[in-house]
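Open the model in your viewer and switch to a cartoon display. The stops below say what to select next and what is there.

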Amino acid sequence: MILLDNVSKTYPGDKNPALDSVSLHVEPNEFVFLVGKSGAGKSTLIKMITKEEVPDSGKIVIGGIDLDYVKKRHIPGYRRRLGVVFQDFKLLPRRTVYENVAFALEIAGMSGREIRKTVPKVLELVDLLDQAKKFPSQLSGGQQQRVSIARSVARQPKILIADEPTANLDKLTTAEIIELLKKINDFGTTILVSTHDEEVVNNLQKRVVTLKDGKIVDDQKNGGIYKLDEKKVEKAPRVIQTPGHAMRKRVIQ
Ligand code: ADP
């Protein structure tokens, strides 16, 4: 569903590559967390998928589409096939919740009749049907992110990409958003989420791909946990060790 093969990218003027021979294969219906320190290359990897940036070398195939062959004029159409969610929501401030979702469908060429049928359904999915007439400024951050998610899933994309979708949200709201992404994943959408949120990653136990200095340094296929580098992995068990545990460990050794 998402295929990157030996993808490298160095931004003009930079010495080090933002992505260095990255290969990643995501199967249909997977839920993947992308983690890594600031500057590790997470956003660049996501921009490769959305074709906001192009690689210097390597191959990218998304949902069967080889991005080398997506011409500039076809990029907006290609992006509409993906659902993309941003940390700053990117809602239209002068349009209501309903209109924000409807507008995205209008641009995608859906008929008025279909739009009137679809918008209430997706607003119900994100539990915002009762807020349909409000403007983004009248909503909480979590509600705004739910509108943004509604807008991106309204066209039923096969893939949903989210770059730090909970970066501006509190703990409780973050949990709600992740729960919603999980629900969307359960309906069959492949999901790739970049995050800094250790708790979110550890609670969900999904696939976790770790980037460091533009390279994939770890790929935990199932039950993945948040670990940025080797030091942290060594430290982690010590935190939960009890004296009994330490003794048992000594006996086993
Ligand atoms: P992350 O999302 O993990 O914080 P990024 O993909 O934003 O990482 O950045 C990876 C590297 O690429 C960093 O060294 C960053 O400084 C560099 N970089 C990102 N965007 C640009 C850009 N537009 N121009 C130059 N360098 C960039």
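Select helix α1, residues 42–50, in this predicted model. Helix α1 lies across five strands: β3, β6, β7, β8 and β9. Against β7 (159–163), the helix runs at about 145°. Now add helix α5, residues 141–153, which packs on the sheet and touches β6 and β7. The direction of α5 makes about 165° with that of β6.

**The mixed sheet**

Next, colour the strands under these helices. In what order do the 6 strands of this open sheet stand? The order is β6-β7-β8-β3-β9-β10, and the pairing is mixed. Select β6 (82–86) and β10 (215–220) to see the edge strands, each of which pairs on one side only. On average, neighbouring strands of this sheet are turned by 15° against each other, direction ignored.

**Strand β8**

Select β8, residues 190–194. Is this strand buried or exposed? In β8, 5 of the 5 residues are buried, so the strand is largely enclosed by the rest of the structure. Show the side chains: Thr-190, Leu-192 and Ser-194 point one way, Ile-191 and Val-193 point the other way, and all are buried.

Keep Leu-192 selected and look at its partners. In β3, Val-32 stands opposite Leu-192, and β3 pairs with β8 in the parallel sense over 4 bridges. In β7, Ile-161 stands opposite Leu-192, and β7 pairs with β8 in the parallel sense over 5 bridges. To follow the chain from β7 to β8, select helix α6, residues 171–186, through which the chain crosses. This β-α-β crossover is right-handed.

**Strands β3 and β9**

Select β3 (residues 31–35) together with β9 (residues 207–212). These two strands pair in the parallel sense over 4 bridges. Zoom in on Val-35, which stands opposite Thr-210 in β9.

**The antiparallel sheet**

Go back to α1 and look for other strands that it meets. Helix α1 also lies across β1 (2–9), β2 and β4, and runs at about 120° to β1. Which strands make up the open sheet with antiparallel pairing? There are 4, in the order β2-β1-β4-β5. Select β2 (19–26) and β5 (65–66): each stands at an edge with a single partner strand, so one side of each is left without a neighbour in the sheet.

For the last stop, select β4, residues 57–62, with β5. The two strands run antiparallel and are joined by 2 bridges. Ile-62 stands opposite Ile-65 in β5.

Definitions and conventions
Residues numbered from 1 in each chain as written. Predicted model: local features only at pLDDT ≥ 70, side-chain atom pairs only at ≥ 80, totals over all residues. Heavy atoms only, no water. Pairing = 2+ DSSP bridges. Axes fitted to C-alpha atoms, helices over the stretch in contact; angles between N-to-C directions. Contact = heavy atoms within 4.5 Å. Buried < 20%, exposed > 50% of the residue type's maximum accessible area, 1.4 Å probe, protein only. Right-handed = clockwise from strand over helix to strand, strands pointing away.
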